[in-house]
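Please look over the structure shown here, with attention to how the protein meets its RNA and how its interior is packed.

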Amino acid sequence: MATYNHKEIEPKWQKYWDEHQVFRAEVDPQKPKFYVLDMFPYPSGAGLHVGHPLGYIASDIVSRFKRNKGYNVLHPMGFDAFGLPAEQYAIQTGQHPAITTEQNIKRYKEQLKGIGLSYDWDKEVQTCDPKYYKWTQWIFEQLFKSWYNRDKQQAEPVETLTAIFKKEGNADVNAACDEGTPVFTAEEWKAMSEADKQQMLLKYRLTYPAYALVNWCPALGTVLANDEVKDGFSERGGHPVERKKMRQWMMRITAYADRLLDNLQKLDWSEAMKEMQTNWIGKSYGCELDFKVDSKDITLTCFTTRPDTVFGVTYMVIAPEHELVRELTTPDKKEEVEQYVKKASNRSERERMSEVKAISGVFTGSYVINPFTDEKVPLWVADYVLAGYGTGVVMAVPSSDDRDFRFARYYGLPIRRVIAGTEELEDPTVKKHGKMINSGFINSMESEEAVQAVIKYAEEHGIGRAKVNYKIRDAVFSRQRYWGEPVPVYYTDDGIPHLVPEDELPVELPPVDEYLPTETGDPPLGRAKDWKYKGKYPYELTTMPGWAGSSWYFLRYMDPHNEKALVSAEAVKYWNSVDLYIGGTEHATGHLLYSRFWNNFLYDRGYIFHDEPFQKLVNQGMIQGRSNTVYKLKDEHKFVSAGLKDQYDVIELHVDVNIVHNDKLDIEAFKKWRPEYADAEFVMENGEFKCGVLVEKMSKSKYNTVTPDAMIEKYGADNLRMYEMFLGPIELSKPWNTHGIDGVAKFLRKLWGLFHDEKGNFIVTDEPARAEEHKVLHKTIRKVEQDIENLSFNTSVSEFMICVNELSRLGCHKREILEKLLIVLSPFAPHISEELWSKLGHEKSIIFASYPEFNPEYIKEDEHEYPIMVNGKLRTKIKFPLTKNPKEIEAEVLENEVVRKWTDGKPPKKVIVVPKKIVNVVV
RNA sequence: GCCGAAGUGGCGGAAUUGGUAGACGCGCACGACUCAAAAUCGUGUUCCUUCGGGAGUGUGGGUUCGAUUCCCACCUUCGGUACCA
């Protein structure tokens with residue numbers, strides 16, 4: 001082979017690795033283990049995009065490096081195969097999502113192998129495989145069979161709970177359970193019917209049914225993901241969406257709130273990531289206070305972290321979806337309140353929280369009594385209060401809370417200052433703590449002291465209690481969808497849910513005629529013919545969410561073919577937690593919390609032996625896509641060009657970047673792409689239809705994906721690998737571009753050139769290397785090894801370039817140097833390294849070579865060139881031997897003529913000599 | 001809005017603990033080789049400049065002999081915001 005040809009080399013070595021299963025990892029207690037995990041990809045129809053490999057290449061470099069360092073490396077890959085896009089495709093085409101998914105997985109695997117990633121494919125899992133989801137269902141069942149004992153801070157079997165009930169009732173049980181669970185005695189428990197007992201236990205189980213809000217789209221007859229809703233309309237078709245309560249399975253993740261928070265301390269994660277999870281869990285200390293409603297037999301309880309400001313309450317607010325709103329509205333306000341509630345209930349929480357400037361609310365006509373002042377204050381309903389946080393009722397203190405202040409000012413409600421120093425302020429909320437004023441018995445106390453005094457008073461008078469509140473909510477686990485794991489539950493006539501026995505799992509997904517809800521509004525599984533447990537009892541019709549299968553896949557990788565357990569004790573003891581997990585921050589509050597929750601739960605119940613799944617987590621940045629959008633009129637079947645969008649009331653919709661050229665839309669292709677728009681009208685701009693441009697996450701739903709296929713074809717996998725690493729630090733996000741790819745291509749050719757002459761003859765010699773050559777090599781060994789430990793791969797690539805440039809300049813073709821360089825390079829560019837390694841005469845793969853040891857002797861320096869600064873500005877440079885002491889250096893520097901010129905002969909005020917760094921002369 | 005991150009030449013980025021800002025690469029310009037082109041190699045390339053020098057790491061302040069790095073305020077972009085995965 002005369003020149004470097006990736007098309008010959010790369011398939012050859014990929015085939016070799018596959019056939020010899022060189023990446024196979026087996027439990028081997030004699031060897032140290034290292035578990036490197038990649039984010040579980042969803043096999044989208046658009047194929048693997050260039051953003052995926054960024055993390056995958058990085059983790060692959062670490063995996064290969066650790067193998068060379070003598071570790072037993074587990075580096076698996078699999079597919080998060082249930083999900084919305086395959087189902088959407090099924091709805092449109094009638095094709096079973098399993099078929100689409102299988103095709104997509106096949107494509108992904110080819111692409112992954114084409115990049116030369118060192119996965120042990122024997123460990124592959126797919127969440128949609130019944131052999132896999134059998135165990136997802138099994139975990140669901142264990143959660144159902146468990147309750148959370150707060151005294152012991154761990155999950156236990158429900159049997160231990162019923163034993164307590166039988167013995168002493170539930171009064172002293174400290175459990176994670178539903179709000180408002182009634183108190184009962186042992187006798188009352190024993191007297192309950194079996195059905196009543198089961199109903200009661202549902203309040204304690206770690207998974208339980210409840211009613212939760214969903215995005216219901218009547219026109220499409222289906223529930224939409226938040227992702228599919230934009231400004232209250234469906235992204236697909238632009239139909240109105242309303243919020244509706246539906247019965248759903250929930251996961252009691254709140255039981256684990258404290259442990260999920262506390263365990264963060266022992267994890268090697270970025271502070272940013274820990275902070276995001278901490279804030280999401282949102283633990284806050286405060287109290288509940290009870291406010292009686294005037295002339296009604298109702299008490300409203302609010303949660304507050306600032307009970308010290310209770311004397312400043314001038315009104316109360318209740319969330320529009322609060323169940324008591326109707327009852328609390330006086331007849332004269334009925335119409336107004338009902339209208340407001342209806343409007344507010346169709347706004348998403350995010351909208352309600354982000355539009356602080358649009359203040360809205362309605363007076364209910366009712367008054368509540370402040371238990372501390374006996375004062376009557378008006379009760380308002382306003383959408384800045386969310387039903388899901390705290391109690392859905394807020395005591396409004398406009399003088400210390402920003403939103404209360406804006407609201408009060410807008411509606412002309414009174415503002416009473418309760419903190420000294422705010423009396424004269426236009427906006428008193430700028431000072432939130434201090435000595436209390438206008439506050440009865442807490443006057444002149446400091447805020448912190450007053451908080452405790454109010455809580456104490458409230459508890460003594462039975463009008464409140466100290467309370468720890470969490471922002472995190474129990475997770476909705478049901479999806480009104482087809483393409484997900486069936487929930488292994490059936491119902492008896494009394495409506496009680498029962499588990500399908502473990503030995504009958506999995507409950508397989510039945511065939512349906514269409515992937516849409518039924519006429520009666522049941523999920524798609526309601527279409528399955530005669531789908532009943534034992535032919536008699538109806539099954540649960542919702543399916544599990546995407547995060548179910550991905551919350552434990554890292555455990556299954558350890559032992560994927562086990563039919564007796566989700567993972568064997570031997571495997572999980574050996575592989576333990578993940579040593580390095582590389583993935584994006586977009587999973588911070590979803591996948592990475594749910595996985596920790598399930599892992600902690602499985603640990604509690606003794607199925608695994610480590611509580612936290614991911615010891616070290618590194619956040620990879622995102623390769624962003626460049627999206628194009630079109631603007632559709634809200635109420636018409638008409639689109640307008642980007643430049644005209646401000647003149648109309650429009651919604652922005654994503655359009656496939658493949659049918660847009662230079663931001664101009666190919667209208668014919670667009671009509672074909674979305675048949676529902678075949679007869680739409682288009683308002684042009686100078687004869688063309690311009691699209692909007694966005695830089696954002698690469699994702700199929702945004703139609704902006706770019707695959708690595710073309711690049712691999714043209715430049716090769718080694719080139720792609722090094723180029724993606726060369727782009728910058730892996731934790732930074734940036735839009736995809738291929739501007740610098742030629743630089744890496746030149747590097748690979750130069751590397752090849754160290755081993756060959758122009759005619760392609762192999763020219764490596766056995767001559768001993770010179771000191772200079774050793775120095776170049778060892779500088780590289782040190783730098784690259786440090787970089788891999790710090791996951792700073794972009795600088796490694798630079799270092800390799802410098803090394804090869806230097807060796808070329810030195811005309812070095814020596815085995816002693818090149819052999820070691822290849823091992824160091826092989827994690828980055830494995831194919832070319834294998835090829836040259838075998839040309840050097842090795843019969844065993846470079847994967848089994850051991851990493852060269854860095855020798856500091858080779859890079860010793862005996863002098864340093866000091867930058868000489870005068871008043872912080874660089875003026876000259878002088879070389880000094882490292883043995884010279886700072887006093888001598890100072891003296892010589894002051895003698896220097898350049899320095900004398902800049903000091904203008906004046907004596908220096910100060911001379912700073914930092915050994916091995918810098919000299920600064922201050923005048 | 002709230003939570004988190006980022007911002008350095010024409011472009012991607014480097015600068016390990018507060019110590020030479022712009023490594024490495026792309027692009028561009030010029031040169032060599034060539035009938036020519038490609039490829040390759042070499043030189044230069046932050047900006048301004050009266051050629052002495054001056055300015056400069058999103059903006060405005062601060063700490064320091066010295067700040068891309070630490071502190072305060074702000075701007076812009078990206079990720080998440082509970083049914084995308």
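A polar side-chain atom of Arg-479 lies 3.0 Å from a sugar or linking oxygen of RNA strand B, a polar contact being a pair of N or O atoms within 3.5 Å. The model is predicted, so local features need pLDDT of at least 70 and side-chain atom pairs count only at pLDDT 80 or more, whereas totals for chains, interfaces and linings use all residues. Residues are numbered from 1 along each chain as its sequence is written, and side-chain values use heavy atoms, with hydrogens and water left out.

**RNA strand B**

- The strand is surrounded by 69 residues, the closest being Asp-80, Glu-275, Arg-350, Leu-727 and His-739, where near means that a heavy atom of the residue lies within 4 Å.
- Sugar or phosphate accounts for 65% of the atoms of RNA strand B within 4 Å of the protein, and bases for the rest.
- Backbone atoms also take part: an N or O atom of Asn-226 is 2.6 Å from a sugar or linking oxygen of RNA strand B, and a polar backbone atom of Leu-727 is 2.5 Å from such an oxygen.
- Helix α25 (residues 793-810) gives the most to the surface near RNA strand B, with six residues.

**Nonpolar cores**

- The largest nonpolar core (buried Ala, Val, Leu, Ile, Met, Phe, Trp, Tyr and Cys residues joined through side-chain atoms within 4.5 Å; buried means under 20% relative accessible area with a 1.4 Å probe, protein chains only) has 171 residues, of which Trp-598, Met-722, Phe-793 and Phe-828 touch the most other members.
- Helix α23 (residues 741-755) contributes the most to this core, with nine residues.
- A second, separate core of 51 residues includes Leu-289, Cys-302, Phe-407 and Met-445.

Definitions and conventions
Chains are lettered from A and ligands numbered from 1 in the order in which they are written. Buried means under 20% relative accessible area, exposed over 50%, partly exposed in between (1.4 Å probe, protein chains only). Helices (H or I, at least four residues) and strands (E, at least two) are DSSP runs, numbered from the N terminus. A polar contact is a pair of N or O atoms within 3.5 Å; within protein, one must be able to donate a hydrogen and the other to accept it, and residues adjacent in sequence count only if both atoms are side-chain atoms.
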